[in-house]
Amino acid sequence: MRHIGMIIACIGLLSTGCQQDLPGHIDAELIGKWKLIEVRLDPGNGSGSFHPVASDARIEFSADETFKANINLCSLTTEGSEDSQGTYSSIDKTIIPDDCHWNDLNLRIRYEFDANNELIISYPCIEPCQYKYEKQ
């Protein structure tokens, strides 16, 4: 009987510890509109740093795990006439545009938040290439 109690307790602990990984877990701070403010493109020697950009680039993330952007997220651009849309995953912190040619390679755009709660989007480059957005 004592073993059954321990098994139930262990199952309870395991199930509460995994709740954050369940589908439907959304990054609440991601939801909303974001404006591009800085870009980091490393030349290959580790000296790259973020530099301010004058851009109208914006991304809007919705609670249904979709996004819309007024630039093409598949190309490293700060301006453009092509829009982009797709999905994102709060579980593995990735953005998956619908129209990327390199999606066949299962490459993903990763995101994270910095200490100032700004959104950092990291592209699948050999050297660091990142775009920083602030919430609007």
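Two strands are said to pair if DSSP finds at least two bridges between them, and this idea of a bridge will return at several stops of the tour. The model on your screen is a predicted one.

**The whole chain**

Begin with the entire protein in a cartoon view, where the secondary structure comes to one helix and nine strands. Followed from the N terminus on, the elements run α-β-β-β-β-β-β-β-β-β. If you then switch on the surface, you are looking at an accessible area of about 8400 Å², of which 55% belongs to carbon and sulfur atoms. Of the 136 residues in the protein, 34% are buried.

**Strand 1 and its partners**

Select residues 32-41, which make up strand 1; seven of its ten residues are buried, so the strand is largely enclosed by the rest of the structure. Which strands does strand 1 pair with? Add strand 3, which runs antiparallel to strand 1 and is joined to it by four bridges, and look for Lys 33, which stands opposite Glu 60 in strand 3. Next add strand 9, residues 129-135, which also runs antiparallel to strand 1 and is joined to it by seven bridges. Strand 2, residues 51-52, is antiparallel to strand 1 as well, with two bridges between them.

Now pick out Glu 38, a residue with a bridge partner in strand 9, namely Lys 132, and another in strand 2, namely Pro 52. Keep Lys 132 selected and show the side chain of Phe 50, because there is a further feature to see here. Lys 132 lies over the face of Phe 50, at 4.4 Å from the ring centre.

**A pair of rings between strands**

A pair of aromatic rings is described by the distance of the centres and the angle of the planes. A search of the whole structure finds five aromatic pairs, and a good one to select is formed by Phe 61 and Tyr 88, which meet edge-to-face at 5.4 Å centre to centre with 85 degrees between the planes. Phe 61 lies in strand 3 (residues 58-61) and Tyr 88 in strand 5 (residues 84-89), so the pair ties together parts that are 27 residues apart in sequence. Are Phe 61 and Tyr 88 buried or exposed? Both of them are buried.

Move on to Tyr 123 and Tyr 131, another edge-to-face pair, with 5.4 Å centre to centre and 65 degrees between the planes. Tyr 123 has a relative accessibility of 8% and counts as buried, while Tyr 131, with a relative accessible area of 2%, is buried too. To finish with the rings, select Trp 34, Tyr 111 and Phe 113, which ring pairs link into a cluster.

**Leu 73 and its surroundings**

Select Leu 73, which is found in the loop between strand 4 (66-69) and strand 5. Although Leu 73 belongs to a loop, its relative accessibility is 1%, and it counts as buried. What is Leu 73 in contact with, leaving aside its neighbours within four places in sequence? The residues to display around Leu 73 are Ile 59, Phe 67, Ser 84, Ile 95, Pro 97, Ile 109, Tyr 123 and Tyr 133. You may also draw a line from the C-alpha of Leu 73 to that of Gln 85, and you will find 8.3 Å between two residues that are twelve apart in sequence.

**From strand 5 through strand 6 to strand 7**

Strand 5 and strand 6 pair in the antiparallel sense over four bridges, and Tyr 88, already met in a ring pair, has Ile 95 in strand 6 as its bridge partner. The two strands form a hairpin with four residues between them, and Lys 93 in the turn has a positive phi of about 55 degrees. Lys 93 is a residue other than glycine, and at 29% relative accessibility it counts as partly exposed.

Turn next to the side chains of strand 6, residues 94-97. In a regular strand the side chains alternate between the two faces of the sheet. Here Thr 94 and Ile 96 point one way, Ile 95 and Pro 97 point the other way, and all are buried. On to strand 7: strand 6 pairs with it in the antiparallel sense over two bridges, and the bridge partner of Ile 95 in strand 7 is Ile 109.

**A last stop at Asn 117**

Finish by selecting Asn 117, which lies in the loop between strand 7 (109-113) and strand 8 (119-122). Asn 117 has a positive phi of about 65 degrees although it is not a glycine. Is Asn 117 buried or partly exposed? With a relative accessibility of 45%, Asn 117 counts as partly exposed.

Key
Residues numbered from 1 in each chain as written. Predicted model: local features only at pLDDT ≥ 70, side-chain atom pairs only at ≥ 80, totals over all residues. Heavy atoms only, no water. Buried < 20%, exposed > 50% of the residue type's maximum accessible area, 1.4 Å probe, protein only. Areas by Shrake-Rupley, 256 points an atom, 1.4 Å probe, with all protein chains shown as cover. Phe/Tyr/Trp six-rings, centres within 6.5 Å; stacked < 30°, edge-to-face > 60°. Lys NZ or Arg CZ within 6 Å of the ring centre and 35° of its normal. Contact = heavy atoms within 4.5 Å.
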